[in-house]
Amino acid sequence: MSEKFVGTPRKVSTHVNQNEDLIFEKSSPGKKAYRLAELDVPAVDAASLLGEHTRKDLGVMPELSEIEIIRHFTRLSTWNYAIDLGMYPLGSCTMKYNPRINELVSRLEGLAEAHPYQPESLSQGALGIMKLLSECLIEITGMDAITLQPAAGAHGEFTGILLAKAFHTANGNPRKKILIPDSAHGTNPATAAVCGYQVANLKSNAKGMVDLAELEKAVDEDVAALMLTNPSTIGVFESDIHKIADILHAKGALLYMDGANMNALCGKTRPGDFGADVMHLNLHKTFSTPHGGGGPGSGPVACKKILEPFLPTPVVVERENGLLGLEYNRPQTVGRVRAWYGNFGMFIRALAYILANGPDGLRQTTEDAVLNANYLRAKLKHLFDLPFDAPSMHEVVFSDKRQTKNGVKTGDMGKRLIDYGFHAYTVSFPLVVPGAMMIEPTESESKEELDLLVDALEQIAREADENPEIVKTAPHTTRLQRLDETTAARKPVLRWKAPAAATPLTPDSAAKEW
Ligand SMILES: *Cc1c(COP(=O)(O)O)cnc(C)c1O
């Protein structure tokens, strides 16, 4: 371990042996990871089968034994951080534990191997899962109808705004603008723009909430909808949500609720009851389906009756003979938004999670998520600046204001957290808070784990005062240290390239190149 690490190490899982990743350099001609039986048919070479389509530029491929390959990939996996290794306090992302029961159920043969073109009569189980999940989500959100098709939260936003547009168009005027508060997730304005709307920004008030007077001024007959995240991206519940809905509805505009933060509401209150007309859910946040490299997302869109005719097709329906089927005949549909029926494996996981928890369990989950965030808030507010004093829901946003006087920024402290065995919190987001440090513990973490995070952040705050350099140059314990983020983002090197002859790649040169 680096001598620069002065804190109390917890678990540094990273196996650091800088010489071990030179897999290409270990290659030697003819080495193989397999042995095949002798051919019992005449050999044919690829070129005679494929002719001009034979690939000519195969490039450099390493030749290795099986165990070298196994060790290479296993080693690579240990250079990553994962929710299965420790806490992932990444605000806004709801990185909760993915219960193993979900995985087990989704791997049941009859589900995992179901084919989307299987006849309806042989797909009753799969259709039943979609129907039951739909019913559960409708109940949880207080809405009237739902589509499971969208493949992510942002895709759900897109679908939801298409519904709003179809609704307004059917009423004679698609309208021009979507209102978006300044605390919104970046996907909201992107969605509005992709759907052909102008984005009109709404300023938040001092509590980080929608300013009703500003809203009143902004809503007119050109506004198609307000896209509102509730609780907001700063973890604050819009206490005037009913009034917000009324102001919009009075002008014929709709309330789109970005439901990515349902982890703070599930089982406690329902968007359908407080005035939302259409919303998306992130199954991969609230309902524990893996995300962030762990699996595809799923962003179902629930809506009120007035928007139901426009939902994407096909829709799961019950036929007269009692069997379930897929209905395609919906004349006002916005059309399909995704191939097949959505990410079916995620439906199974989310339903398993909902059924395993039950209504009481889901409510408890919400309470624990909010309790955990408020515990961290209470334990850390003497160390870090708290820009908004409204009560926190499931996440808490601090800023680096006190540490910047020593030149230590949110990104530095996030990177230093890695040295203490945690994933970083969300850095510099939401944009309304300069130097934001956004922490979302989720309900998955125990008090002991939260205390370890508090200890680590306490130590980092102390370091920022006494030894800012160590924070500014973090991380020190990872395989690669501080990267040039601009170059990494603008010119990512995503695959290994054969080094120029006679200069084999070394860890140092690799680090530089990366
Ligand atoms: C995560 C998130 C989204 C986007 O969801 P994706 O599944 O990543 O597309 C949108 N809005 C909010 C508030 C979010 O937290």
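Here is a conversation between a visitor and a guide about a predicted model of a protein chain.

Visitor: Welcome me in gently. What makes Glu-68 and Lys-31 a salt bridge?

Guide: The closest N and O atoms of Glu-68 and Lys-31 are 3.1 Å apart. The cut-off is 4 Å between a side-chain nitrogen of Lys or Arg and a carboxyl oxygen of Asp or Glu, so the pair counts as a salt bridge. Glu-68 sits in helix α2 (residues 66–78), while Lys-31 is in the segment before α1 (46–50). The two are 37 residues apart, and the pair links distant parts of the chain.

Visitor: How many salt bridges does that rule give?

Guide: The count comes to 23 salt bridges. There is also a network of them, which links Glu-103, Arg-107 and Arg-349.

Visitor: Why is Lys-31 called partly exposed?

Guide: Its relative accessibility is 28%. Buried means under 20% and exposed means over 50%, so Lys-31 falls in between.

Visitor: What makes Asp-273 and Arg-270 a salt bridge, and how accessible is each?

Guide: Their closest N and O atoms are 2.8 Å apart, and the limit is 4 Å, so the rule is met. Asp-273 has a relative accessible area of 46%, and it is therefore partly exposed. Arg-270, at 27%, is partly exposed because that value also lies between 20% and 50%.

Visitor: Are the partners Asp-419 and Arg-416 buried or exposed?

Guide: Asp-419 is buried, and so is Arg-416. Their closest N and O atoms are 2.6 Å apart, in a salt bridge. Both residues lie in helix α13 (residues 410–419), 3 residues apart, about one turn of the helix.

Visitor: What makes α13 oblique to α14?

Guide: Helices α13 and α14 (residues 447–466) pack at an angle of about 125°, with their axes 10 Å apart. Roughly perpendicular runs from 65 to 115 degrees and roughly antiparallel starts over 145, so about 125° leaves α13 oblique to α14. The crossing of these two helices is right-handed. Met-413, Arg-416 and Leu-417 in α13 meet residues of α14, among them Leu-453, Ala-456 and Glu-463.

Visitor: And which angle is found between α5 and α11?

Guide: Helix α5 (residues 124–141) and helix α11 (residues 344–380) pack at about 45°, their axes 10 Å apart. Roughly parallel needs under 35 degrees and roughly perpendicular begins at 65, so α5 is oblique to α11. This crossing is left-handed. On the α5 side the contacts include Ala-126, Ile-129 and Leu-133, and on the α11 side they include Phe-344, Phe-347 and Leu-351.

Visitor: How do you know what span to expect for α5?

Guide: Helix α5 has 18 residues, and 26 Å is expected at 1.5 Å a residue. From its first C-alpha to its last the helix reaches 25 Å, close to that value. Several residues of α5 are buried, including Leu-127, Met-130 and Ile-140. After the helix comes Gly-142, whose phi is positive, near 70°.

Visitor: Why is His-284 called buried?

Guide: Its relative accessibility is 8%, and buried means under 20%, so the label fits. His-284 lies in helix α10 (residues 283–286). Leaving aside neighbours within four places in sequence, its contacts include Thr-94, Ala-152 and His-291.

Visitor: What is special to look at in Thr-94?

Guide: Thr-94 has a positive phi of about 50° although it is not a glycine. Most residues other than glycine have a negative phi. Thr-94 is found in the loop between α2 and α3 (100–106). At 0% relative accessibility it is under the 20% limit, so it counts as buried.

Visitor: Where is Trp-340, and why is it called partly exposed?

Guide: Trp-340 is in the loop between β9 (324–327) and α11. Its relative accessible area is 34%, between the 20% and 50% limits, so it is partly exposed. Its phi is positive too, about 55°.

Visitor: Which peptide bonds are cis?

Guide: One joins Asn-230 and Pro-231, with omega about -5°. Another runs from Phe-429 to Pro-430, with omega near 0°. Pro-231 is in the loop between β4 (223–229) and α9 (241–250).

Key:
Residues numbered from 1 in each chain as written. Predicted model: local features only at pLDDT ≥ 70, side-chain atom pairs only at ≥ 80, totals over all residues. Heavy atoms only, no water. Helix = DSSP H or I, 4+ residues; strand = E, 2+ residues; numbered from the N terminus. Buried < 20%, exposed > 50% of the residue type's maximum accessible area, 1.4 Å probe, protein only. Expected span 1.5 Å × (residues − 1). Axes fitted to C-alpha atoms, helices over the stretch in contact; angles between N-to-C directions. Left-handed = near helix turned anticlockwise from the far one by under 90°. Contact = heavy atoms within 4.5 Å.
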